[in-house]
Protein chains: 2
Amino acid sequence: MHPMDLKFAIEKGIPFAGRTEVKVLELEPGYVKMMMPLEPNINHVGTMYAGALFTLAELPGGAIFLSTFDASKFFPLIKGMEIKFLKPATTDIVVEVRLSPEEAAKIQDEANTHGKADYDWDCELKDANGQVVAVSSNRYQLRQTKPTGA
Amino acid sequence: MHPMDLKFAIEKGIPFAGRTEVKVLELEPGYVKMMMPLEPNINHVGTMYAGALFTLAELPGGAIFLSTFDASKFFPLIKGMEIKFLKPATTDIVVEVRLSPEEAAKIQDEANTHGKADYDWDCELKDANGQVVAVSSNRYQLRQTKPTGA
């Protein structure tokens, strides 16, 4: 997919995500930087609603999948997430996720061999001052579209 | 607040939640039942997006607060949540949360004495066939608006 199409797919492919007006700031194999704007996601006390923070922590899963893995052979599932809210989020919020080429190759090799491979990462959500407002631990699974032998 | 105003506050008070078209099905002190509709929250593979399931698991925190605690003296914070996605959510999804009067009194007493009180609960998200599609453990904190002695 063309990089601009990829960006559009991540920002708007899921209507729920599109309504948050989340933006992909940078995207390359093994790396994504995304931003959740405060204004459309403000809660009743003027900070970012927890569900928007969760969404910002979750969407890199799809972004890294699309930029890094072979989308013709695999699809990703989210298995679980633990999120801790540390400070009120009072600005736009940014997340960055990196997955090394070695780690990505290992995950794809395992999914090729076994039909699926679990992987996980931790991420930090930061405000405009660089303060960490939330941290998450994300658990995903890469699955073969057509498992070996099927 | 009048029960209909309460229902409106929970469904529409946070624009992010309003956009999901989540519904309060039942609400009384210590009890809430809510429903997240599939259609506005569908993902690219036709199941409910993880962020909508998170939101359905989280909103009872505000609903139980408004129906159960003294909103003139206290406000709630979400401290964290762990959510596990067990099955694809292919229908509207329902959650129920109960907090006993004894437990609610204990939490309010502690917040009255210490200015804050942590509390938590587990919940199950169920599809139209009664299947559990996700489970969550939610951690909240009740805080005094004006702490004792302030």
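**Close-up views of a predicted two-chain model**

**Figure 1. Contacts of Leu53(A) in the predicted model.** Apart from residues within four places of it in sequence, Leu53(A) is in contact with Met48(A), Phe85(A), Ala89(A), Ile93(A), Leu125(A) and Ala134(A). The structure shown here and in the other views is a predicted model. The largest nonpolar core has 69 residues, and Leu53(A) is among those that touch the most other members. The others in that group are Leu56(A), Ala57(A), Leu53(B), Leu56(B) and Ala57(B).

**Figure 2. Helix 3 of chain B.** How many of the residues of helix 3 of chain B are buried? The count is nine of the nine in the run 50–58, so the helix is largely enclosed by the rest of the structure. The buried residues are Ala50(B), Gly51(B), Ala52(B), Leu53(B), Phe54(B), Thr55(B), Leu56(B), Ala57(B) and Glu58(B). Of these, Leu53(B), Leu56(B) and Ala57(B) also belong to the group that touches the most other members of the largest nonpolar core. Helix 3 of chain B supplies at least two residues of the side of chain B that touches chain A.

**Figure 3. Helix 4 of chain A.** Helix 4 of chain A covers residues 60–68 and is mostly covered, with eight of its nine residues buried. Those residues are Pro60(A), Gly61(A), Gly62(A), Ala63(A), Ile64(A), Leu66(A), Ser67(A) and Thr68(A).

**Figure 4. Relation between the two chains.** Chain B is superposed on chain A by a rotation of 180 degrees with 0.0 Å of shift along the axis, at an RMSD of 0.0 Å. The two copies are thus related as by a two-fold rotation axis. Which C-alpha of chain B is nearest the axis? That of Glu82(B) is, at 2.0 Å.

**Figure 5. The contact between chain A and chain B.** Chain B brings 24 residues to the contact and chain A brings 25 residues. On the side of chain B that touches chain A, helix 2 (15–20), helix 3 and strand 3 (74–85) each supply at least two residues. Strand 3 of chain B gives the most, with eight residues. By residue class, this side of chain B divides into twelve nonpolar, seven polar and five charged. Of the interface residues of chain B, 100% are also interface residues in chain A, so the copies meet through the same surface.

**Figure 6. Strand 3 across the interface and within chain A.** Strand 3 of chain A (residues 74–85) and strand 3 of chain B pair in the antiparallel sense over five bridges. Gly80(A) stands opposite Lys84(B), and Lys84(A) stands opposite Gly80(B). Within chain A, strand 3 also pairs with strand 6 (residues 132–144), in the antiparallel sense and over eleven bridges. What is the bridge partner of Gly80(A) in strand 6 of chain A? The partner is Arg139(A). Gly80(A) is thus bridged to Lys84(B) in strand 3 of chain B and to Arg139(A) in strand 6 of chain A.

**Figure 7. Leu25(B) in strand 1 of chain B.** Leu25(B) is found in strand 1 of chain B, residues 23–28. Is Leu25(B) buried or exposed? Leu25(B) counts as exposed, because 12 C-beta neighbours lie inside 10 Å and the cut-off for exposed is 12 or fewer. Outside its neighbours within four places in sequence, Leu25(B) is in contact with Lys33(B), Met34(B) and Met35(B). Lys73(B) is 48 residues from Leu25(B) in sequence, and their C-alpha atoms are 27 Å apart.

**Figure 8. Glu21 in both chains.** Glu21(A) is not a glycine but has a positive phi of about 65 degrees. Glu21(A) lies in the loop between helix 2 (15–20) and strand 1 (23–28) of chain A. With 15 other C-beta atoms within 10 Å, Glu21(A) is partly exposed. In chain B, Glu21(B) has a positive phi of about 60 degrees and is likewise not a glycine. Glu21(B) lies in the loop between helix 2 and strand 1 of chain B. Glu21(B) counts as partly exposed, with 15 C-beta neighbours inside 10 Å.

**Figure 9. Chain A as a whole, for orientation.** Chain A has five helices and six strands, in the order α-α-β-β-α-α-β-β-α-β-β along the sequence. Its C-alpha trace spans about 55 × 30 × 25 Å along the principal axes. The radius of gyration of chain A is 16 Å, which agrees with the value near 15 Å for a compact globule with 150 residues. Of the 150 residues of chain A, 35% count as buried. Among contacts in chain A with a separation of 6 or more, 68% join residues 24 or more positions apart.

Methods
Residues numbered from 1 in each chain as written. Chains lettered and ligands numbered in written order. Predicted model: local features only at pLDDT ≥ 70, side-chain atom pairs only at ≥ 80, totals over all residues. Buried ≥ 20, exposed ≤ 12 C-beta atoms within 10 Å, placed from the backbone. Helix = DSSP H or I, 4+ residues; strand = E, 2+ residues; numbered from the N terminus. Least-squares fit on C-alpha atoms with pLDDT ≥ 70 in both. Contact = placed C-beta atoms within 7 Å. Nonpolar A, V, L, I, M, F, W, Y, C, P; charged D, E, K, R; others polar. Pairing = 2+ DSSP bridges. Core = buried A, V, L, I, M, F, W, Y, C linked by C-beta atoms within 7 Å. Rg over C-alpha atoms; globule rule 2.2 N^0.38 Å.
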